[in-house]
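Work through the exercises below with the sequence and the coordinates at hand. Each task is followed by a solution in steps.

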Amino acid sequence: MRESSHTAVLGAGVIGASWAALFLASGRSVAVYDPNPEAERLVRDYVETAWPTMTELGLTARGTPDAVSFHANAAEAVDGAGFIQESVPERLPIKHALYAGIEGAMAPGAVLASSASGLTLSQMQGGWGDPSRMILGHPFNPPHLIPLVEVVANERTAPGVLERAEAFYADIGKVTIRLEKEVPGHVANRLQAAVWREAIHLVMEGVASVGDVDKAVWAGPGLRWAAMGPTALFNLGAGPGGLRAFCDHFSDTFNGWWDDLGAPSLTPEVAETLIAGIDAANGGRSQAELAAERDALLTAIRKATGPIR
Ligand SMILES: NC(=O)c1ccc[n+]([C@@H]2O[C@H](COP(=O)([O-])OP(=O)(O)OC[C@H]3O[C@@H](n4cnc5c(N)ncnc54)[C@H](O)[C@@H]3O)[C@@H](O)[C@H]2O)c1
């Protein structure tokens, strides 16, 4: 049996609209609640724009963009939904008030996943009488193009809820990882933060320009990271001896580099340097042009890797 053929999306901004598009593509109906009076138009426009790309990726065979409905309140939107994705603003009082308003209206077997980037599951559970059907399901922007979802449950989560969420995400084409412990920023944002910290350090130390440090990522290790993770790659980095040989050869080197890595803060002065640097690297191209280029490249990479993964 397919997981949850009727879904709800609560909060339909940058992340929620993209989730709605992907749920529709997967052949599910989607009930949306967002208090923004423009939400219906924005979501319909978003879905229309995203649909050709999702079709190119082979994601829309089961779906129709019209199976979406808009509701006057969150309790009405979750009525009858088997899976609910919450993507309201990242402020605890807003999340808590929303959960209090829907808890009694959720179907008995329904699961709610929060997209929250910065809040932890434990913090959000405070908004529930019984938080056992809520997990964290953190996507990467935009969820309809980037496969990763980080899922988190804890001792207050009912048995089987995390597995049902994982099955749902797998069915709509997502790749999930499980966090065994709650940490601020989850896994992927911490990895991004670590790389960006060193990128900023290199720029501020005058080692290379913003454009060249970015190029060092996308033309180098970034391309490999789209294929495999850093440990899997280093397992292949020292020949047939695998990771053991790699660690034997390079422990001193890495320990030395780690001792030398920078720890800059994102001060206004640092931000101005980065802004000037990215403006120079972009050479007057508009944000829309840059976003279109990013999405075209992401689509091409996903198309190429789709049959393998
Ligand atoms: N933007 C990102 O890159 C990103 C990535 C991953 C996760 N997230 C997470 O997704 C969540 C939403 O972020 P976003 O970037 O889409 O924000 P956003 O501001 O673009 O969208 C939030 C939407 O929620 C609506 N809203 C406000 N109060 C509401 C309520 N009570 N009920 C329902 N809807 C309500 C707003 O009208 C708005 O449309 C946050 O928890 C954020 O941490 C964001």
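**Exercise 1. Contacts of a core residue**

Find the residues that A21 touches, not counting residues up to four places away in sequence.

Solution. The model is a predicted one. Step one: with the excluded neighbours removed, A21 touches Y46, V47, A50, M54 and H144. Step two: place A21 in its surroundings. The largest nonpolar core holds 54 residues, and A21 is among those that touch the most other members, together with V9, L10, A20, V32, V78 and I135. Step three: helix 1 (residues 14-25) gives this core its largest share, nine residues.

**Exercise 2. Two backbone features in loops**

State which residues the cis peptide bond joins, and determine whether H186 is buried or exposed.

Solution. Step one: the cis peptide bond lies between N141 and P142, with omega at about -10°. P142 belongs to the loop between strand 6 (134-139) and strand 7 (148-152). Step two: H186 sits in another stretch, the loop between strand 8 (175-179) and helix 7 (188-204). Its phi is near 55°, which is positive although the residue is not glycine. Step three: count C-beta atoms around H186. There are 20 others within 10 Å, and the cut-off for buried is 20 or more, so H186 is buried.

**Exercise 3. Helix 12 and its two partners**

Classify how helix 12 is oriented relative to helix 7 and relative to helix 8.

Solution. Two packed helices are described by the angle between their axes and the distance between the axes. Step one: the axes of helix 7 and helix 12 (residues 268-282) come within 11 Å and cross at roughly 85°. Angles of 65 to 115 degrees count as roughly perpendicular, so helix 7 is roughly perpendicular to helix 12. Step two: list the residues that meet. Helix 7 contributes I200, V203 and M204, and helix 12 contributes V270, T273, L274 and G277. By class, this contact has five nonpolar residues, two polar and no charged.

Step three: repeat for helix 8 (residues 210-218), whose axis comes within 8 Å of that of helix 12 and crosses it at roughly 70°. This pair is therefore roughly perpendicular as well. V210, G211 and D214 of helix 8 make the contact with L274, G277, I278, A280 and A281 of helix 12. Here the classes are five nonpolar, two polar and one charged. Step four: compare the two lists. L274 and G277 of helix 12 appear in the contact with helix 7 and also in the contact with helix 8.

**Exercise 4. The domain contact**

Work out how many residues of domain 1 are in contact with domain 2.

Solution. Step one: the domain assignment gives domain 1 as 6-179 and domain 2 as 188-305. Their C-alpha centres lie 30 Å apart. Step two: eight residues of domain 1 are in contact with seven of domain 2. Step three: on the domain 1 side, helix 2 (39-56) and strand 7 each supply at least two residues. That side has four nonpolar, two polar and two charged residues.

**Exercise 5. The surroundings of A245**

Which burial class does A245 count as?

Solution. Step one: locate A245 in helix 11 (residues 242-260). Step two: A245 has 14 C-beta neighbours inside 10 Å, so it counts as partly exposed. Step three: beyond four places in sequence, A245 is in contact with A238 and G239. The C-alpha atoms of A245 and F234, eleven residues apart along the chain, are separated by 9.7 Å.

Key
Residues are numbered from 1 along each chain as its sequence is written. This is a predicted model: local features need pLDDT of at least 70, side-chain atom pairs count only at pLDDT 80 or more; totals for chains, interfaces and linings use all residues. A nonpolar core is a set of buried Ala, Val, Leu, Ile, Met, Phe, Trp, Tyr and Cys residues joined through C-beta atoms within 7 Å. A residue is buried if 20 or more other C-beta atoms lie within 10 Å of its own, exposed if 12 or fewer, and partly exposed in between; C-beta atoms are placed from the backbone. Helices (H or I, at least four residues) and strands (E, at least two) are DSSP runs, numbered from the N terminus. Two residues are in contact if their C-beta atoms, placed from the backbone, lie within 7 Å. Axes are lines fitted to C-alpha atoms, for helices over the stretch in contact, and angles run from 0 to 180 degrees between N-to-C directions. Angles under 35 degrees count as roughly parallel, over 145 as roughly antiparallel, 65 to 115 as roughly perpendicular and the rest as oblique. Ala, Val, Leu, Ile, Met, Phe, Trp, Tyr, Cys and Pro count as nonpolar, Asp, Glu, Lys and Arg as charged, and the others, Gly among them, as polar. Domain bounds come from an automatic or database domain assignment.
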